[in-house]
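The exercises that follow ask you to read a fold step by step, with the structure open beside the text. Try each task before turning to its solution.

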Amino acid sequence: MSLDRLNDKQRQAAMMIEGPLLILAGAGSGKTSTMTERIAYMIEQGISPYHLLAVTFTNKAAAEMRSRVEDLVGSCRDMWIMTFHSMCLRILRYHCEIIGYDHNFVIYDSTDQKTIVKNIIKAQNINDKEFGAPYLLSIISSFKEKAVDAEGYRKTMEDNFKTKIIYNVFKAYEEELRKNNAMDFDDIIFHTVHLLKKCEEVRERYQKKFRYVLVDEYQDTNHLQYLLTSLLAGGRKNLCVVGDDDQSIYRF
C-alpha cells in the first residue's frame, strides 16, 4: 500500500503510530482520509485489526470508514469500527450483570422517557407547567453527559425548592429504569463508563484488546465520551483523535 495519496503533513500523521496524537484540520482538508489511510498503514505494518478501535459519531460515517479501509487492505472483520453507542452496547451486552442489569435490557426512546417522567410528575404532585417532562429530561440528560447521576446531582447543586424537585424526579426516573431493566440513550455510554471504572478486570480486558484507539470528529465529544475514550486508551495511551475545533459543539 502507498501513502502517495496524502500530502506531507497527512503522511506524517498517518505514519505516527505509537503514543497520543491530535490531528487538527479544517473542513474538507482530508481528516477522515488521513484516518483511514493511517488504519490501513497500521495493518500493513503488522498490527492486527483485532487490536484497533475506530470510533465516529454516526452509523453512516462508521460504515463509510469501514468501506474505505477495506478498499485499501481487504476485509478487517475483527476490527471495531462503529459509533460510541454501538461500541458501548456491545460491551454492555457482555458485562451488564456487573452493574445490575440483565442481558436482555431494553433501550427506551424519547417517547418512553416522557411517559415515565410524566407519570413521576403526576405521582409527586408536581406542577407540570413549571416542571414539564421535556425540561426535566433535558436536565437529566445534561448531567448524565457530565457523568453525574441523581445522587451526584444532589451533592453538587445548591439545596432549594427547584433542585429538590429535580433530584426527586431524577432519582425516581433512575429507579423506574432499573425496575424495568431499561436504559435510555444517555445511559448506554454512562453505564459503560461506570462499568469500566468499577471493574478492573473488564477495563483491562478492553485496554488489552484495543491497543490503538482512533476517534474521528473528536471536536464533538462530550465529557462522558472523553472519559470513555480515556478509560479504553488508558493502558498504552495509543490514542489518535481527529477533529476541527472550528466546528466544535462543546469546544476542546
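Two strands count as paired if DSSP finds at least two bridges between them, and in this sense the bridge partner of Val-55, a residue of strand 2, is Val-215 in strand 6. The model is a predicted one, and the exercises should be read with that in mind.

**Exercise 1. Work out the order of the strands in the open sheet, and state which strands stand at its edges.**

Step 1. Begin with strand 2 (residues 52-56), which pairs with strand 6 in the parallel sense over four bridges, and which also pairs in the parallel sense with strand 3 (residues 80-83), again over four bridges. On the strand 3 side, Thr-56 has Thr-83 as its bridge partner.

Step 2. Continue from strand 6 (residues 212-215), which pairs with strand 7 in the parallel sense over three bridges. Two residue pairs help to locate this contact: Val-213 stands opposite Leu-239 in strand 7, and Leu-214 stands opposite Cys-240 in strand 7.

Step 3. Add strand 1 (residues 21-24), which pairs with strand 7 in the parallel sense over four bridges, with Ile-23 opposite Val-242 of strand 7.

Step 4. Put together, the five strands form an open sheet in the order 1-7-6-2-3, with parallel pairing. Strand 1 and strand 3 stand at the edges because each has a single partner strand, so that one side of each is left without a neighbour in the sheet. From one strand to the next, the twist averages 15°.

**Exercise 2. Identify the helices that complete right-handed β-α-β units with strands of the sheet.**

Step 1. Follow the chain from strand 2 through helix 3 (residues 59-73) to strand 3, and these elements make a right-handed β-α-β unit.

Step 2. Do the same from strand 6 through helix 11 (residues 223-232) to strand 7, which likewise make a right-handed β-α-β unit.

**Exercise 3. Decide whether strand 7 is enclosed or open, and then examine the surroundings of Cys-240.**

Step 1. Five of the five residues of strand 7 (residues 239-243) are buried, so the strand is largely enclosed by the rest of the structure.

Step 2. Check the two faces separately: Leu-239, Val-241 and Gly-243 lie on one side, Cys-240 and Val-242 lie on the other, and all of them are buried.

Step 3. Turn to Cys-240, which lies in strand 7; its relative accessibility is 0%, and therefore it counts as buried, the cut-off being under 20%.

Step 4. Once neighbours within four places in sequence are left aside, Cys-240 is in contact with Leu-21, Ile-23, Arg-38, Val-213, Leu-214 and Val-215. Cys-240 and Met-35 are 205 residues apart in sequence, yet their C-alpha atoms are 8.8 Å apart in space.

Step 5. For strand 2, five of its five residues are also buried, with Leu-52, Ala-54 and Thr-56 pointing one way and Leu-53 and Val-55 the other.

**Exercise 4. Describe how helix 4 packs against helix 11, and how helix 5 packs against helix 6.**

Step 1. Two packed helices are described by the angle between their axes and the distance between the axes.

Step 2. Helix 4 (residues 84-95) and helix 11 pack at an angle of about 55°, their axes being 12 Å apart, which means that helix 4 is oblique to helix 11. Phe-84, Met-87 and Cys-88 of helix 4 make the contact with Gln-225, Leu-228, Thr-229 and Leu-232 of helix 11. The crossing of helix 4 past helix 11 is left-handed.

Step 3. For helix 5 (residues 110-123) and helix 6 (residues 133-144), the axes come within 9 Å and cross at roughly 110°, and therefore these helices are roughly perpendicular to each other. Helix 5 contributes Gln-113, Lys-114, Val-117, Lys-118 and Ile-121 to the contact, and helix 6 contributes Ala-133, Leu-136 and Leu-137.

**Exercise 5. Determine whether Asn-181 and Lys-237 are buried or exposed.**

Step 1. Asn-181 is found in the loop between helix 8 and strand 5, and its phi is near 50°, a positive value in a residue other than glycine. At 14% relative accessibility, Asn-181 counts as buried.

Step 2. Lys-237 is found in the loop between helix 11 and strand 7, and has a positive phi of about 60° although it is not a glycine. At 53% relative accessibility, Lys-237 counts as exposed, the cut-off being over 50%.

Key. Residues numbered from 1 in each chain as written. Predicted model: local features only at pLDDT ≥ 70, side-chain atom pairs only at ≥ 80, totals over all residues. Heavy atoms only, no water. Buried < 20%, exposed > 50% of the residue type's maximum accessible area, 1.4 Å probe, protein only. Right-handed = clockwise from strand over helix to strand, strands pointing away. Axes fitted to C-alpha atoms, helices over the stretch in contact; angles between N-to-C directions. Parallel < 35°, antiparallel > 145°, perpendicular 65-115°, else oblique. Left-handed = near helix turned anticlockwise from the far one by under 90°. Contact = heavy atoms within 4.5 Å.
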